[in-house]
Amino acid sequence: MIDVDGLTVARGGVTVFEDVSLTVEEGEFVALVGPNGAGKTTLLQAINGVLTPGSGIVRVDGRPIGDCSARDRGRLVATVPQDTHVGFDFSVEDIVAMGRTPYHTRFGRTDREADNRAVRRALERTDTARFADRPVDEVSGGERQRVLLARALAQDTPALLLDEPTASLDVNHQVETLSLVSDLAASGKAALAAIHDLDLAARFCDRIVLLADGRVLANGSPAAVLDATSLGAAFDADAAVTTHPTTGTPSVTALGERRDRDLTVHVVGTGRTAARVIARLHDAGATVTAGPLPEGDLAAETARARGLETVTAPAFGSLDRGVRDRVARLREEAAVLVAADPPRADGIAGLLDAHIPVVTVDGAGGPDAGAQRQTASARPETTTRVASPAHVLEAVVTVAPERELPADD
Amino acid sequence: MHTGVRTLWWSVGLSVILVAVVLASATIGPVAIDALTVARATLNAVAVPVGVSVAVESAGVFGASVPVPVPDVSYYYPFSLSVPTTAEVIVRRVRLPRIALAAVVGFSLSSAGAVMQGFFRNPMADPSIIGVSSGAAVGAVATIAFPLAIPFGLQAAAFAGALAAAFGVYAIASEGNRTPVATLLLAGVAVQTLLGAAVSYMLLQSGQSLREAVYWLMGQLSGSSWAEVEVTLPLAVLAFAVLYAYARDLNVLLLGEADAHTLGIEVERTKRILLAVASIITAAAVSVAGVIGFVGLIVPHVMRLLVGPDHRILLPTSALAGAAFLVAADTFARAGPAEVPVGIVTAALGAPFFLYLLRNREVHAL
């Protein structure tokens, strides 16, 4: 239905993307993802004809968009814009009725019946009929987004483009809007949406096109496209891809742009506190190792999702020799040891007796008696206590032994 | 209520107000004439054009004699009611042409103002935003200050100056086949400033004719004749018809150019047509009446508050309200012991009213 072939677009002499090809079939809902500035909006504008591409061709329903009159384009492709601010007190119904513009001739009679039917249907479909008479600038951002979707529906086109349809919406409306688009696609439209939220894209779209570095980096099922490697390449950032526990679709957690630090930290602990410590240090660019962590614990899950070197042990069990050795080896390489809400098990006490600086992080419940008792055995002059994982980085950097810097000439 | 029906009712209502204002205005003047006599004299003045013949006259341009086609319209007068001769002459020869011209100018400026505000999506846009009035002022003041150097009449010079300024601004703001609205706006401001400097300089050099030039710049309708109405009225009606045909497109343009594009509007072509027609209608008004400010700015604002932003109803109501407003303002201008330029009256009446609206209702945006 939407057929993009070898599209190259330059703006102000700079190539935005080159040789982009993709198709969206009838009944398909495809997400266009990619970092800011990858040209998602530009690609949509090249498809709907607002921009003229440098080379390449866009066909919708077999017709080259570049050769179509404005009116014909308006009957082939409808676009839900990103900026939903309207600024004039047109009523919601007025705005939706403007979707019928491509069917009006300036002087001839217009088919008012067909217009009214299309507008009615669009209002009902998007659940906007109940505030059809209200000024469009008095409805909420989420409602306004649906109004613009209704306008696009009134256009009655085979192809539907959406530019960040969920950007200004709360969680609830994001889901509603995307389910609606998904239904519309299922009823025969070809829908292509630039979407920021990768989880939502994975959940609602049949296919994901990853646009980055001026080209299509990946194009396929959500599971195939959303893997840590291609996302890392596209977004210049580390990402952890897990399976969402409720929806069962891939879920992406961006971990921020990594700035590698010459700092290795070993984390021991449990639960949310340890998980946050691991995340925070890793995000900050430290090399993080962890263990022993109880199997299935949130901390272990976090370390695994990030691909960190981790030693896990069965929860409530005693630590066997192999585990102890592996932990000891990791600890040897670390510059700082962080004990984040460590378990009370006596078996762990010895692990904290490190010959490197130790930072202890209190758990959610405040200073923990067990942790206090255990860390007492570490050399007190090298132990720093922080109250929350939010401050762990600062403490670690402070206590980390100074490395010899290469001498300047 | 359906837009068409609403438009009809508002237009009928405003037409009734316009007729009432016209009749009331015609009773006012140094010679008091009662309303009934005015009504009868006005009916007698109603003319239906029934035929056009073209005569060729010669006119002197640069000393040479050039044949100029002059259309000669023949009229049928359906009424001939008995009215005292003096009253008939005053109403028909003196007051009505001026009132009619005020109505045409108000009609033109207000409809052009409504279009420009929508086109620029800017509440401060007025009909002269792309330099029309400044261009007209250069033409008019040059004619007044240096009558020998300019071979045309004042109005022709003003009209030519207005269109030259508008076209210049458009050309400056265009890149390839695109004309970004923001560039147009800024180019308009810059060109207006430049032409303002030219006008100021000519005023300094104008000597004896300074008073006449200043008077023109303030906008005035004294000494209006039916001939001016005959030229401007058809132009105004024709231009309005074109603008009205684009009312839906203007609505869609309010959503932004990219949106308008995806909704099937040929954006650049539509912009060119709207800009050209609105500039022509403004140029015609300014060249016969001088620079009358504020009408084209506030009348569309007030009407937008009353009828909403839909140009299908906003354009005709603004045009009719503008006509009535300028007739009323010009009546004030000429009713006092000494006549003042109508531009002063429109600004003096319009600005406080606009400020009142600003404080009491939402006029923060279009």
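## A hairpin in chain A

In chain A, strand 9 and strand 10 form a hairpin, with two residues between them. One residue in the turn is A:D213, which has a positive phi of about 50°. This is a predicted model.

The two strands of the hairpin run antiparallel. Five bridges join strand 9 of chain A to strand 10 of chain A, which spans residues 215–220. Within this pairing, A:A212 stands opposite A:R215 of strand 10.

## Strand 9 and its other partner

Strand 9 of chain A also pairs with strand 3 of chain A, residues 29–33. Here the two strands run parallel, and four bridges join them. A:L32 has its bridge partner in strand 9: A:V209.

Is strand 9 of chain A largely enclosed or open? Strand 9 covers residues 207–212, and six of its six residues are buried, so the strand is largely enclosed by the rest of the structure. A residue counts as buried when its relative accessible area is under 20%.

Now take the two sides in turn. In a regular strand, side chains alternate between the two faces of the sheet. On one side of strand 9 of chain A are A:R207, A:V209 and A:L211. On the other side are A:I208, A:L210 and A:A212. These residues are all buried, and both faces of the strand are covered.

## A buried valine in helix 12

Helix 12 of chain A runs over residues 321–333 and contains A:V327. The relative accessibility of A:V327 is 2%, so this residue counts as buried. A:T312 is 15 residues from A:V327 along the chain. The C-alpha atoms of A:V327 and A:T312 are separated by 9.4 Å.

## A positive patch from two chains

Which residues form the positive surface patch? They are A:R71 and A:R75 from chain A, with B:R269 and B:R272 from chain B. Two elements give two or more residues to this patch: helix 2 of chain A (70–76) and helix 11 of chain B (267–289).

B:R269 lies in helix 11 of chain B. With a relative accessible area of 44%, B:R269 is partly exposed.

## A nonpolar patch on chain B

Chain B also carries a nonpolar surface patch of about 560 Å². The patch is made by B:L43, B:V46, B:V48, B:V50, B:Y76, B:F79 and B:L81.

Where is B:F79 found? B:F79 sits in the loop between strand 2 (64–76) and helix 3 (85–120) of chain B. Its relative accessibility is 35%, so B:F79 counts as partly exposed.

Notes
Residues are numbered from 1 along each chain as its sequence is written. Chains are lettered from A and ligands numbered from 1 in the order in which they are written. This is a predicted model: local features need pLDDT of at least 70, side-chain atom pairs count only at pLDDT 80 or more; totals for chains, interfaces and linings use all residues. Side-chain values use heavy atoms; hydrogens and water are left out. Buried means under 20% relative accessible area, exposed over 50%, partly exposed in between (1.4 Å probe, protein chains only). Two strands pair if DSSP finds at least two bridges between them. Patches are made of residues with over 30% relative accessible area and no salt bridge: like charges are joined within 9 Å, nonpolar side chains (Val, Leu, Ile, Met, Phe, Trp, Tyr) within 5 Å. Accessible areas come from the Shrake-Rupley method with a 1.4 Å probe; for residues, only the protein chains shown count as cover. A salt bridge is a side-chain nitrogen of Lys or Arg within 4 Å of a carboxyl oxygen of Asp or Glu. Lys and Arg count as positive and Asp and Glu as negative; His and the chain ends are not counted. The place of a charge is taken as NZ of Lys, CZ of Arg, CG of Asp or CD of Glu.
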